[in-house]
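Hi everyone, thanks for coming along. Please have the sequence and the model open in front of you, and we will walk through them together.

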Amino acid sequence: MKIKFKKKRLLANLILGIVWIGLGVFNVWEAENNRWSDYGYLVIGILYVGHYLFDLTNQYLTIENGTIRKNGLYGFRKKINLNEINWIKKFAGDYTLKTEQKELKINTGLIDKDSLTELNKILAELNLPPEKTPFANNVYSS
């Protein structure tokens with residue numbers, strides 16, 4: 001299961017990429033003597049579009065085979081086993097999932113509303129003591 005980004009975030013990366021590419025094309029087109037630095041706008045635009053495509057295909061979190069993985073571009077992926085989570089902290093709307101050795105922070109402001117509901121259901125189903133989860137008093141049913 002994929003926990004999706006908000007569409008607003010994806011669209012912002014796409015628009016920024018298109019704007020930077022547009023500036024780059026204009027800069028290269030209008031300059032009489034192109035320097036290597038004139039291509040910087042194009043590179044930035046291509047990186048933004050690449051980031052958009054990566055986020056669109058991989059989304060924010062992937063939950064499968066008993067693990068939760070935070071997908072990040074440039075090698076910033078973090079993964080923990082759901083059955084090893086022994087504490088869930090909620091602060092300022094964000095979740096911190098803790099195991100004995102690892103910690104995974106989830107920024108809920110980046111998550112689509114429907115996907116956040118699904119994530120809450122999955123985290124509520126973990127067998128944790130009430131003092132170690134913010135979901136103890138909440139009912140998340142299918």
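Let's begin with one pair of residues: Lys98 has Glu103 in S7 as its bridge partner. This is a predicted model, by the way, so please keep that in mind throughout.

Now let's widen the view around that pair. Strand S7 covers residues 103-106, and four bridges join S7 to S6 in the antiparallel sense. How many residues does the hairpin from S6 to S7 pass through? That hairpin has four residues linking the two strands.

On the other pairing of S6, we meet strand S5. S5 is residues 87-91 and S6 is residues 94-98; they run antiparallel, with five bridges between them. If you want one pair to click on, Lys89 sits opposite Thr96 in S6. S5 and S6 also make a hairpin, this one with two residues between the strands.

Have a look at Ala92, which lies in the loop between S5 and S6. The phi of Ala92 is near 55°, which is positive even though the residue is not a glycine. Why point that out? Most residues other than glycine have a negative phi. Is Ala92 buried or exposed? Ala92 has a relative accessible area of 70%, and because the cut-off for exposed is over 50%, Ala92 counts as exposed.

Next, the four-stranded sheet. This is an open sheet with the order S1-S2-S3-S4 and antiparallel pairing. Which strands are at the edges? They are S1, residues 2-3, and S4, residues 78-81, each of which pairs on one side only.

Let's step through the sheet. S2 and S3 run antiparallel and are joined by four bridges. Within that pairing, Ile63 has Ile68 in S3 as its bridge partner. S2 and S3 form a hairpin with two residues between the strands, and Asn65 in this hairpin has a positive phi near 55°.

Moving on, S3 covers residues 67-70 and pairs with S4 over four bridges, again in the antiparallel sense. Two pairs to find here: Arg69 has Lys79 in S4 as its bridge partner, and Thr67 stands opposite Asn81 in S4.

Just ahead of S2 there is another residue for your list. Gln59 sits in the loop between helix H2, residues 40-58, and strand S2, residues 61-64. Gln59 is not a glycine, yet its phi is positive, at about 60°. Is Gln59 buried or exposed? The relative accessibility of Gln59 is 7%, and since buried means under 20%, Gln59 counts as buried.

Let's use Gln59 as a starting point for a jump to a helix. Leu23 is 36 residues from Gln59 in sequence, and their C-alpha atoms are 28 Å apart in space. Leu23 belongs to helix H1, residues 7-30. With a relative accessible area of 40%, Leu23 is partly exposed, because that value falls between the 20% cut-off for buried and the 50% cut-off for exposed.

There is also something from a database record here. An unreviewed UniProt entry lists residues 12-29 and residues 41-61 under "transmembrane region". What does the model show over those spans? Residues 12-29 are 100% helix and 0% strand, with the end C-alpha atoms 25 Å apart. Residues 41-61 are 86% helix and 5% strand, and there the end C-alpha atoms are 30 Å apart.

Now for the inside. The largest nonpolar core has 23 residues, and Ile68, Leu97, Ile106 and Leu119 touch the most other members. S2, S6, S7 and helix H3, residues 113-124, each give at least two residues to this core. Which element gives the largest share? That is H3, with three residues. You have already met Ile68, as the bridge partner of Ile63.

Last stop: empty space. Rolling a probe the size of a water molecule over the atoms shows where such space is left. The largest pocket holds about 170 Å³. Its lining has five nonpolar, three polar and three charged residues. Among the lining residues are Phe5, Arg9, His51, Asp55, Tyr60, Lys70 and Leu110.

That's my tour. To try it yourself, find Lys98 and Glu103 in S7, the bridge partners we started with, and work outwards from there. Thanks for listening!

Conventions
Residues numbered from 1 in each chain as written. Predicted model: local features only at pLDDT ≥ 70, side-chain atom pairs only at ≥ 80, totals over all residues. Heavy atoms only, no water. 1 Å grid on protein atoms, 1.4 Å probe; cavity = no way out; pocket = protein on both sides within 12 Å on 5 of 7 lines; lining within 4 Å. Points joined across faces, edges and corners; volume = space filled by probe spheres on them. Nonpolar A, V, L, I, M, F, W, Y, C, P; charged D, E, K, R; others polar. Pairing = 2+ DSSP bridges. Buried < 20%, exposed > 50% of the residue type's maximum accessible area, 1.4 Å probe, protein only. UniProt positions renumbered as here; feature names shortened; annotations may be inferred. Core = buried A, V, L, I, M, F, W, Y, C linked by side-chain atoms within 4.5 Å.
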